Structures are given as structure tokens and as C-alpha cells.
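Subject: Structure for you to look over

Dear colleague,

I am handing over the structure that follows, together with an account of what was found in it. Please read the notes with the structure open beside them.

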Amino acid sequence: MIRDEIQLLVAQAVEAAQAAGALPAFAAPEVHLEHPGRPEHGDYSANMPMRIQGLARMKAIEVAEALRAHVGTHPAVSEVRVAPPGFLNFYLDPTWVASQTEVIIAAGEGYASNTMGTGQKLQVEYVSANPTGPVHVGNGRGAAIGSTLANVLGAAGYKVEQEYYVNDAGTQIAVFTRTLYARYQQLFDRTVEIPENGYPGEYMVEIAQEIKDAEGDRYLRPEGEEPDPALGNEGISRMIAQIREDLGLLGVHYNRWFSERSLQEPGGAYETAMGILKSQGHVIEREGATWFASSQLGESKDNVLIRSDGQPTYFASDVAYHYDKFIGRGFNRVIDIWGADHQGHVSRVKAAVTAVGGNGDDLDVLLYQLVTLKRGDVVVPLSKRAGEIVTLRDVVSEVGADAARYFFLTPSAGSTMEFDLDLAKQQSDENPVFYVQYAHARIASVLARAAEQGSSSASADVSLLQHDAEQTLIRRLLLLPEVVELVVSSLETHHLPSYAASLSQSFHAFYTQCRVITEDAALTSARLRLLEATKLVLARTLGLMGISAPEQM
RNA sequence: GCCUUCGUAGCUCAGUGGAUAGAGCACCGGCCUCCGAAGCCGGUGGCGCAGGUUCGAGUCCUGCCGAGGGCACCA
């Protein structure tokens with residue numbers, strides 16, 4: 001990548017200047033480059049002179065001059081300038097820039113891929129909402145972030161597995177079963193109330209109806225008796241099928257749906273992990289319960305693993321689950337994506353990973369702030385236990401998967417976001433995602449037109465691409481590898497929509513200023529080549545976000 | 001009370017410690033006899049408050065104000 005090469009030029013300039021006595025000897029900090037906000041400041045800017053002015057005991061501007069005198073030559077760099085108060089600005093050679101059009105096309109679908117994660121087995125676990133109800137809008141945010149991150153990490157060479165953790169054990173399943181049974185009995189004209197703290201949503205009635213339609217009265221027991229656990233299992237499996245379908249509508253697909261219950265099988269991860277904790281002295285008995293002695297590991301408090309009634313907690317399952325991820329299945333790295341309401345859970349799970357023989361630092365927990373759902377000015381509650389549930393399916397069918405994904409990905413995970421359903425509906429024509437997709441469709445249209453007219457990009461001389469708008473566009477194309485690297489290192493997916501918008505902007509500006517198909521066969525050919533490269537990069541960017549790149553719209 | 005995330009344009013949000021803080025929507029004014037006007041060009045308008053660190057702070061630190069989320073033998 002050109003940025004890395006310029007970084008090296010700067011580092012070497014420091015050494016050369018020191019060797020020549022133009023700078024005193026000292027250990028220089030790592031080179032930091034940035035993209036100046038203004039084109040007249042060049043393509044890459046190094047702030048090295050200002051950062052080492054103290055070490056050099058010279059004025060920054062003098063350091064900059066000394067460095068410039070010792071910067072090596074590079075075919076891509078046409079000029080290096082010093083700018084006050086001490087920047088070292090690098091200007092890319094326009095002909096080199098133009099030539100990159102061919103380099104991008106040659107890279108094809110692998111463009112912007114890298115090897116940051118080569119040889120690493122990585123898991124991304126996300127959404128993992130309780131199977132006691134449909135996935136809602138907030139889950140959609142985690143879904144968009146998780147699947148996009150998986151795509152990008154895959155482009156960085158990681159062997160990525162995507163997983164959904166199904167909480168099919170624990171008390172909420174019992175409550176789910178009792179609620180379902182109440183609804184089921186109601187369908188047989190029994191007068192039964194759904195339990196206190198049950199799930200009042202209409203979807204429970206629908207599931208009960210489906211089960212009745214499919215299996216009749218086989219789950220009906222004499223009045224007053226407890227429900228058949230098999231009814232609960234049947235309901236849960238139907239709920240999971242619906243969740244899988246709803247997420248599929250958003251373009252989210254998993255490699256594995258991991259059952260929490262499976263952890264507790266004899267000889268399974270639960271037994272093994274608890275055994276390790278005990279043998280390592282991380283377990284204490286107190287007040288009739290079994291605790292993870294996490295305060296000994298620097299945590300603010302201990303955490304209950306097994307309640308005094310003998311039931312394991314959700315946390316105990318999570319310890320076993322993460323044991324299975326790292327030790328059982330040997331992932332080198334795991335990324336869990338959780339809603340911000342699980343923030344308090346992060347450090348104890350990391351501590352547990354270390355305690356069962358892994359390394360808590362290999363676990364990244366990405367928290368996204370919750371989504372506030374609104375209809376106009378009215379806030380809509382998301383709770384599964386409230387009356388109105390706005391499901392992910394509702395939203396996707398209203399605004400489409402592409403717009404929904406783009407919308408979810410745009411704000412950084414750390415910012416709360418407002419999802420205005422009324423606005424989202426109106427946005428069908430005005431949504432920013434169409435701006436990006438339109439650029440792609442527009443290119444497809446011009447390429448088709450060129451093909452009809454017999455214009456070809458074969459044997460194009462891309463060095464003709466010297467117009468400002470062409471140069472700006474190609475420079476933008478060259479940024480995608482940097483964006484991918486940034487997303488991988490920061491785990492922040494919101495840089496992608498931001499990049500997509502700026503790339504599209506550059507394309508639309510080019511399109512307005514430069515006519516592609518003209519009488520000038522050589523220039524036409526070169527510009528068609530540029531369109532091909534741009535189309536490829538747009539499709540690549542959209543593909544990473546899981547958004548379609550339409551040929552027409 | 002403690003922990004944590006956030007506070008940037010009328011609204012929704014970007015902004016890797018740099019040089020004149022951006023985009024979309026909204027609003028105002030221009031641009032199609034020519035490849036898709038779902039577009040382009042221009043304009044109005046902003047860093048919650050106060051200190052500190054730094055050559056340089058929207059960005060880092062502290063305090064205050066305001067908002068969200070945590071602080072269970074719930075998940």
C-alpha cells in the first residue's frame with residue numbers, strides 16, 4: 001500500500017538526516033501520516049518534524065527542511081514540500097495515480113484485501129437474542145454490525161466463523177413454556193391467564209396456533225397441570241426458525257447456531273469449565289451458592305455460578321461457552337457483539353476466559369448503544385414484554401434490507417441512534433444508500449451503452465486520466481485498502497458507509513464534469529477503464545457491508 | 001453514590017492529537033437540444049460549560065451540566 005511506502009520514506013529520511021549530521025541522534029517515534037483536508041497540502045502529510053522538534057532541539061520548520069533534503073525518491077511521489085509550522089507534505093504523481101486504475105482492475109474482487117489475519121481462526125458472535133420472542137430493531141443493529149465485521153475480517157485473511165448463541169436453557173425458557181401453554185389452552189377454550197412476567201406478545205398466540213394446527217391437542221394436559229416441556233421445545237424451535245428467517249431477510253447468515261443447553265450435557269463444556277475453575281481455586285461456596293471468586297482476579301465483585309437452588313446462572317453458561325470457544329474449538333480470537341445493556345458483563349467474562357486457561361485479551365467485546373425507536377416524535381418501546389413490538393421483519397419490509405443495513409451501519413457503535421420509522425418509510429427515495437447504489441447503477445448503464453456502440457476499454461491508455469475530477473476519483477479508489485485496515489484494527493464498521501458516500505460523491509462529480517463516451521476513442525477507452533475500476537470498488541465496498549450493488553434501479 | 005457510553009449545523013450523524021470542522025435531510029439560488037437530474041455547482045448554519053496537558057485539542061486529562069446504559073442467587 002502506498003501509505004506504508006511513504007511511511008517508510010519518512011522513517012528513512014530521519015535516519016539519513018541523522019547519519020548526515022543534519023539532525024542529532026535520538027530514537028524517532030513511529031511515523032504518523034494523515035490525509036490533509038485540503039488538496040493543496042498534498043495527498044499524505046507527515047507531522048514528524050513537529051513531534052521531534054523537542055528531541056532535535058530545533059525549530060519544526062528546520063527539522064522539516066532537513067528531512068526533505070533526505071527523503072528518497074519514489075516513483076509514486078512527484079514532490080515533497082515543507083509547510084508551516086512543520087508539515088512534510090507528499091504529493092502523488094498524477095501519472096502514477098492514473099496507472100493505479102489498471103492495478104485495481106487487476107486485483108479484481110480481491111482489491112483491498114490484506115493479510116492482517118492470515119492463519120488466525122476467529123469467531124464473531126452476534127445478536128444471540130433470547131429465543132423467547134422475535135428479533136427487534138435493536139437486534140438489527142447488532143446484526144448489521146456483526147455480519148459486516150465478519151465480511152471485513154474475512155477480507156483481512158481471518159478464517160471467520162459467525163455464530164448465534166441460542167439461550168435455550170434457564171428460567172426464561174420455563175416462563176416461555178408456561179406462556180405458550182396458556183395460549184395453547186386458550187385455543188381449546190380453556191379460561192387460562194398467561195403467567196405473571198410472561199410474554200404477552202401476539203406472536204405467542206400465533207405460535208400456539210401453529211402448533212395446534214400441526215399437532216392438534218397432543219400437548220394438552222388435564223386442567224391445572226404443568227405444561228409438557230416438549231411443548232416448550234417445539235415453541236422454541238419454531239421461534240428460532242423465525243429468528244433465522246428474519247435475520248436472513250436482512251442478509252445475515254450464520255455458520256452455526258450454538259445451543260446453550262448443549263453445554264450442560266454430561267462431560268460437556270460446562271462440567272469441564274467448572275472443574276477447571278475449582279481445581280484452580282477460583283470457586284468458593286458461600287450462602288448456599290457457588291461463586292466465581294473473581295474479586296481475587298481484580299474484579300470489583302464475585303459472581304454467582306450456581307444458585308442456592310442448584311440452577312446454574314447465565315454467567316456460568318457463559319463461562320462454559322467461552323471455554324468451548326477458546327479451548328474446545330481453538331479460536332485464536334473471539335469477538336462478541338453485545339448491546340450496551342450488557343456492559344457490566346464484559347470484564348467478568350474476560351476474567352473467566354483467563355481463569356479457564358485462555359487469554360482474556362483474545363476476547364474483544366464490542367458494545368453497541370441501544371436503538372431508540374420512534375414514530376415521528378413518539379418513542380416506541382422495544383421491550384419484548386411491552387404491548388407493541390416492532391420487529392426487525394417489520395422494519396426490513398418497510399425500508400428494505402439495503403437501506404436498513406446502511407442505516408444501522410452509519411453511526412459509530414458507541415453512539416445511540418434514533419430510528420424513526422416514519423422517516424425511514426419516507427426515505428425510500430431519499431435514503432443515502434440510494435446515492436451510493438445509484439452511482440453503481442449509473443456506471444453499469446454507461447458501460448452497457450458503450451458496449452452497444454462498440455466502444456471498448458481494451459488496450460486503454462489510462463495515463464490519459466489527468467483531469468482533476470478523474471484524479472480525485474482515482475485517489476478515492478486508492479483509499480479502500482486503508483479503510484479496510486482501519487475497520488480491522490478498530491473493529492469500527494461505520495467507516496464503510498462514510499467511505500462509500502465519499503467515493504460516490506467523487507464519482508458523481510466526475511460524471512458531471514467528464515463525458516465518458518465521446519468521439520475521442522482513446523479518451524473514451526481510458527474513461528471506460530476508470531468506470532470499470534470504480535464499479536469494482538463500489539461493488540466491493542457495498543459487498544463488505546452486505547448491501548447489493550444493482551446494475552439498474 | 002460508583003462504573004460506562006455519549007453531547008459537533010434546525011434534524012440524523014461523520015471527523016486516525018494537526019493547517020480554513022464535513023456529509024445527508026431541511027431551507028435559498030443556479031445547472032439537462034448531449035452517456036441515468038435518485039445527479040452536479042453555490043449559499044445560510046455548529047464543537048454543552050470551565051480548567052489543564054501539548055508546538056498544536058472537536059479529539060487526551062480533571063471538574064461541572066445534560067442524556068442513555070449498567071451496578072441481582074435476571075438474562
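**Contacts with the RNA**

In the side chain of arginine 515, an N or O atom lies 2.6 Å from a sugar or linking oxygen of RNA strand B. Please keep in mind throughout that this is a predicted model. Glutamine 369 makes a contact of a similar kind, with an N or O atom of its side chain placed 3.2 Å from a sugar or linking oxygen of RNA strand B. Asparagine 47, by contrast, is directed to a base, since an N or O atom of its side chain is found 2.8 Å from a base nitrogen of RNA strand B.

Taking the strand as a whole, 56% of the atoms of RNA strand B within 4 Å of the protein belong to sugar or phosphate, and the rest belong to bases. There are 64 residues around RNA strand B, and those that come nearest are Arg307, Gln343, Ser412, Tyr435 and Arg442. By residue type, this surface divides into 23 nonpolar, 28 polar and 13 charged residues. Several elements supply at least two residues each, among them strand E1 (33-34), helix H2 (48-51), helix H7 (171-186), strand E15 (417-420) and helix H19 (495-513). The largest share, eight residues, is that of H16, the helix that spans residues 432-452.

**Domains**

The domain assignment divides chain A into five parts, of which domain 1 (2-92), domain 4 (171-249) and domain 5 (372-426) are each a single segment, whereas domain 2 (97-116 + 431-544) and domain 3 (121-167 + 251-275 + 313-368) are assembled from separate segments. Between the C-alpha centres of domain 1 and domain 4 there are 68 Å.

**Salt bridges**

The whole structure contains 25 salt bridges. One of them joins arginine 329 to glutamate 163, with an N to O distance of 2.7 Å. This pair connects distant parts of the chain, 166 residues apart, as arginine 329 sits in the loop between helix H11 (314-328) and strand E11 (333-339), while glutamate 163 belongs to strand E6 (residues 159-166). Are the two partners buried or exposed? Arginine 329 has a relative accessible area of 16% and is therefore buried, and glutamate 163, at 0%, is buried as well.

A second salt bridge is formed by glutamate 234 and arginine 238, at 2.8 Å from N to O. Both residues lie in helix H9 (residues 229-249), four residues apart, which corresponds to about one turn of the helix. Glutamate 234 counts as buried at 17% relative accessibility, whereas arginine 238, at 23%, is partly exposed.

Glutamate 215 and arginine 218 form a further salt bridge, in which the closest N and O atoms are 2.7 Å apart. Here glutamate 215 is partly exposed, with a relative accessible area of 22%, and arginine 218 is exposed at 54%. Elsewhere, Arg3, Asp4, Glu482 and Glu485 are linked with one another in a network of salt bridges.

**One more residue to look at**

Threonine 472 is part of helix H17 (residues 468-477), and at 40% relative accessibility threonine 472 counts as partly exposed. Its C-alpha atom lies 9.4 Å from that of proline 39, although the two residues are 433 residues apart in sequence.

With best regards

Technical notes:
Residues numbered from 1 in each chain as written. Chains lettered and ligands numbered in written order. Predicted model: local features only at pLDDT ≥ 70, side-chain atom pairs only at ≥ 80, totals over all residues. Heavy atoms only, no water. Salt bridge = Lys/Arg side-chain N within 4 Å of Asp/Glu carboxyl O. Buried < 20%, exposed > 50% of the residue type's maximum accessible area, 1.4 Å probe, protein only. Domains from an automatic or database assignment. Near = heavy atom within 4 Å. Polar contact = N/O pair within 3.5 Å; in protein donor to acceptor, adjacent residues only side chain to side chain. Nonpolar A, V, L, I, M, F, W, Y, C, P; charged D, E, K, R; others polar.
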